[in-house]
Amino acid sequence: MTDIELADAIESVRDQLVDAATRATGKPLAFEVGDIEMEFTIELRKEVKGGTKVKAWVVEAGADASRTRGETHRVCFTLKPRDATTNGPWLVGNDDAGDTSGFGD
């Protein structure tokens, strides 16, 4: 099993949204990114290296059938992405007006 920290899982989603925005450059259609609902099964582990801290690790579904329900926790949350510069809604796309005249030809 590969351990993935919860923070790394969320960072991966953020990076993929930025990648989607980059790929949309030059396209005539933009999407506003709405609320992002995330759900993970996590395992909390206490690490003693360099001081005691608790970290949340994402558990791969079906990875270890021997884990009991009491050792894992389901975490659900909603992220509302905002443009870090304008604090407005985050758009995936560009500022050019869309043209649908070629659709359906």
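Is Asp35 buried, partly exposed or exposed? Good morning, and thank you for joining this group meeting. I open with that residue because its relative accessibility is 48%, and Asp35 therefore counts as partly exposed. Please keep in mind throughout that the structure before you is a predicted model. I shall begin with the sheet, continue with the core, and then return to Asp35 and the salt bridges.

Let us begin with the sheet. Four strands form an open sheet in the order β1-β4-β3-β5, and their pairing is antiparallel. At its edges are β1 and β5, each of which pairs on one side only.

We may now cross the sheet pair by pair. Strand β1 covers residues 4–5 and strand β4 covers residues 53–58; these two run antiparallel and are joined by two bridges. Here Ile4 stands opposite Val58 of β4. Next come β3 and β4, an antiparallel pair with six bridges. One position to find on your screens is Arg45, whose bridge partner in β4 is Lys55. β3 and β4 also form a hairpin, with five residues between the strands. In that hairpin, Gly50 takes a positive phi near 65 degrees. Finally, β3 pairs with β5, again in the antiparallel sense, over eight bridges. In this pairing, Glu37 has Thr78 in β5 as its bridge partner.

Let us stay with strand β5 for a moment, since His73 lies there. How exposed is His73? The relative accessible area of His73 is 35%, so this residue is partly exposed. Leaving aside residues up to four places away in sequence, His73 touches Phe40, Thr41, Ile42 and Leu44. With Phe40, the separation along the chain is 33 residues, while the C-alpha atoms of the two residues are 8.2 Å apart.

I turn now to the nonpolar core. The largest one contains 13 residues. Those with the most contacts inside this core are Leu6, Val33, Phe40, Ile42, Val58, Trp90 and Val92. You will recognise Val58 as the residue opposite Ile4, and Phe40 and Ile42 as residues that His73 touches. Which elements give two or more residues to this core? They are α1, β3 and β4. The most comes from β3, which gives four residues. As for Val33, apart from residues up to four places away in sequence, Val33 touches Leu17, Pro81, Trp90 and Val92.

The last part concerns charged side chains. How many salt bridges does the structure hold? There are four, and I shall describe some of them.

One lies within a helix. The side chains of Arg23 and Asp19 meet in a salt bridge, with 3.1 Å from N to O. Both residues belong to helix α1, residues 6–23, and they are four residues apart, which is about one turn of the helix. How do the two residues stand with respect to the surface? Arg23 counts as exposed because its relative accessibility is 62%, whereas Asp19, with a relative accessible area of 34%, is partly exposed.

Another brings us back to Asp35, the residue of my opening question. Asp35 forms a salt bridge with Lys80, and the closest N and O atoms are 3.4 Å apart. This pair links distant parts of the chain, for the two residues are 45 residues apart. Lys80 is in the loop between β5 and β6, and Asp35 is in the loop between β2 and β3. Lys80 has a relative accessible area of 58% and is therefore exposed, while Asp35, as we saw, is partly exposed at 48%.

A further salt bridge joins the side chains of Glu43 and Arg45, at 3.5 Å from N to O. The two side chains also make a polar contact, at 3.5 Å. Glu43 lies in strand β3. Why does Glu43 count as buried? The cut-off for buried is under 20% relative accessible area, and Glu43 is at 16%, so it falls in that class. Its partner Arg45, at 24% relative accessibility, counts as partly exposed.

Allow me to close with a brief review. The sheet has four strands in the order β1-β4-β3-β5. Strand β3 gives the most residues to the largest nonpolar core. The salt bridges include one within helix α1, between Arg23 and Asp19, and one that links distant parts of the chain, between Lys80 and Asp35. Thank you for your attention.

Definitions and conventions: Residues numbered from 1 in each chain as written. Predicted model: local features only at pLDDT ≥ 70, side-chain atom pairs only at ≥ 80, totals over all residues. Heavy atoms only, no water. Buried < 20%, exposed > 50% of the residue type's maximum accessible area, 1.4 Å probe, protein only. Contact = heavy atoms within 4.5 Å. Pairing = 2+ DSSP bridges. Core = buried A, V, L, I, M, F, W, Y, C linked by side-chain atoms within 4.5 Å. Polar contact = N/O pair within 3.5 Å; in protein donor to acceptor, adjacent residues only side chain to side chain.
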